[in-house]
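Biologist: Before we discuss terms, please put the model on the screen. I would like each label to be justified by a value and a cut-off.

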Amino acid sequence: MEKTKIENDYILEVKNLKKYYPVSRFSISKNRAYVKAVDDVSFKIKRGTTMGLVGESGCGKTTVGRSLLRLHDITDGQVIFDGKDLSKIPEGRLRKMRPQMQMIFQDPYSSLSPRMPVGEIIGEAVKEHNIVPKSEYRSYILKVMRDCGLQPQYFYRYPHEFSGGQRQRISIARAVALKPKFIVCDEPLSALDVSIQAQIINLMKDLQEQYGYTYLFISHDLSVVEYISDTIGVMYLGSMMEMGDKKRIFENPMHPYTKALLSAVPVSDPDVKMNRIILSGDIPSPVNPPSGCKFRTRCQNCMDICAKKAPKLKEYEDGHLVACHLYSQD
């Protein structure tokens, strides 16, 4: 019974997830080249919590989020959602599970249909999946709009009549209207002004406290990730470099890449001097990544073993995992 309880604490468990894209669809060679967008990534997310996923552009964060929801078919690995392996569920059954897993997209301008009014955008999937009876449909959509800070008179207006922040509220309302358990937030603040970002992030936290949503929050902004997340994963070139509790990651970063990212976070105090770590060189190609540790070509602490053997993601503190040869791999 105890084992079952521990397993049920996690709404999502990702095991050795891989997503490769062929460089050319027309090649018939057995030795086809692949872009290794996500390469052997594993993590868990507890119910009602937020996991932040950070890393440079092109590291595979968005591909992870889309693969979890089966918007992309995965190359290998398992995605276990609420006890069910999504990689093995047929499309028909998966469609019935769609309301439980939703996504908030990065661009609030292109993710909303310009030909549909707000009420229809939010309620289209509600009708399709019969979330509420027809007699309660309108009152339910208006309630969702109020929860997301949208006025009732917006029901018949179109997306072009709203600002970026209001559009993102519409996107959030569209996701939560289906009463999901898990929401992937794919950089939902990157297209917004800083003042609006604070409003949206507080809205998401309020909704989580009220309804118990579980978030995977993908972002470049480490200060935002620190504010909203409970756990954090750091990705580089398709692989997980470091993962753990938010407090441990920010107070005791262990991987050189994580240290470099945190050193770039601006500090509001002008008297505090930051020891910025500058990474040399460019990000290697995901088609032909470096042997051994993928980060070694830009790492100041690179050793001979880093080129020969890829480090394993190992736990060195309670819940704090790192993939680096600076620490014992035995």
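Modeller: This is a predicted model. Asp-82 is a fair place to begin: its relative accessible area is 18%.

Biologist: Why is Asp-82 called buried?

Modeller: Buried means under 20% relative accessible area. Asp-82 has 18%, so the label applies.

Biologist: What makes the contact of Asp-82 and Arg-47 a salt bridge?

Modeller: The rule asks for a side-chain nitrogen of Lys or Arg within 4 Å of a carboxyl oxygen of Asp or Glu. For Asp-82 and Arg-47 the N to O value is 2.5 Å. The two residues are 35 apart, with Asp-82 in the loop between S4 and S5 and Arg-47 in the loop between S2 and S3.

Biologist: Is Arg-47 buried, partly exposed or exposed?

Modeller: Arg-47 is partly exposed, because its relative accessibility is 37% and that class lies between the limits of 20% and 50%.

Biologist: What makes Glu-56 and Arg-298 a salt bridge?

Modeller: Their closest N and O atoms are 3.1 Å apart, and the limit is 4 Å. This pair also links distant parts of the chain, 242 residues apart: Glu-56 is in the loop between S3 and H2, and Arg-298 is in the loop between H10 and H11. Both residues are buried.

Biologist: How do you know that Asp-73 and Arg-70 form a salt bridge?

Modeller: The closest N and O atoms are 3.7 Å apart, and the rule accepts pairs within 4 Å. Asp-73 is exposed, because its 52% relative accessibility is over the 50% limit. Arg-70, at 16%, is buried.

Biologist: Which residues are joined into one network by salt bridges that share partners?

Modeller: Arg-47, Asp-82 and Lys-181. By the rule, the count comes to ten salt bridges.

Biologist: What is noted about the phi of Arg-70?

Modeller: Arg-70 comes just after H2 and takes a positive phi of about 60°. Most residues other than glycine have a negative phi. Asn-16, in strand S1, has a positive phi as well, near 50°. Lys-179 has a phi near 55° and sits in the loop between helix H6 (164–176) and strand S7 (182–186).

Biologist: Why is Asn-16 called partly exposed?

Modeller: Its relative accessible area is 41%, which falls between 20% and 50%, so neither of the other two labels fits.

Biologist: What makes S2 and S5 edge strands?

Modeller: The open sheet has four strands in the order S2-S1-S4-S5, with antiparallel pairing. Strand S2 (34–46) and strand S5 (84–85) each pair on one side only.

Biologist: How do you know that S1 and S2 pair?

Modeller: Pairing needs at least two bridges, and ten bridges join S1 (residues 10–22) to S2. One example is Leu-12, whose bridge partner in S2 is Ile-45. Helix H2 (residues 61–68) packs on this sheet and touches S1, S2 and strand S4 (76–81), its direction making about 115° with that of S1.

Biologist: Why is H2 described as largely enclosed by the rest of the structure?

Modeller: Because six of its eight residues are buried. They are Lys-61, Thr-63, Val-64, Gly-65, Ser-67 and Leu-68.

Biologist: What makes S9 mostly covered?

Modeller: Five of the six residues of S9 (231–236) are buried. Four bridges join S9 to S3, and these two strands run parallel; Leu-53 stands opposite Gly-233 in S9. S9 is also joined by six bridges to S10 (residues 239–245), in the antiparallel sense. S9 and S10 form a hairpin with two residues between them, and Leu-237 in the turn has a positive phi of about 55°.

Biologist: Is Thr-50 buried or exposed?

Modeller: Thr-50, in strand S3 (residues 50–54), is buried, because its relative accessible area is 0%. Its contacts beyond four places in sequence include Tyr-215, Phe-217 and Ile-228.

Biologist: How do you know that Val-272 can belong to a surface patch?

Modeller: Patch residues need over 30% relative accessible area, and Val-272 has 39%. Val-267, Val-272 and Met-274 form a nonpolar patch with about 220 Å² of accessible area together.

Notes
Residues are numbered from 1 along each chain as its sequence is written. This is a predicted model: local features need pLDDT of at least 70, side-chain atom pairs count only at pLDDT 80 or more; totals for chains, interfaces and linings use all residues. Side-chain values use heavy atoms; hydrogens and water are left out. Patches are made of residues with over 30% relative accessible area and no salt bridge: like charges are joined within 9 Å, nonpolar side chains (Val, Leu, Ile, Met, Phe, Trp, Tyr) within 5 Å. Accessible areas come from the Shrake-Rupley method with a 1.4 Å probe; for residues, only the protein chains shown count as cover. Buried means under 20% relative accessible area, exposed over 50%, partly exposed in between (1.4 Å probe, protein chains only). Contact means heavy atoms within 4.5 Å. Axes are lines fitted to C-alpha atoms, for helices over the stretch in contact, and angles run from 0 to 180 degrees between N-to-C directions.
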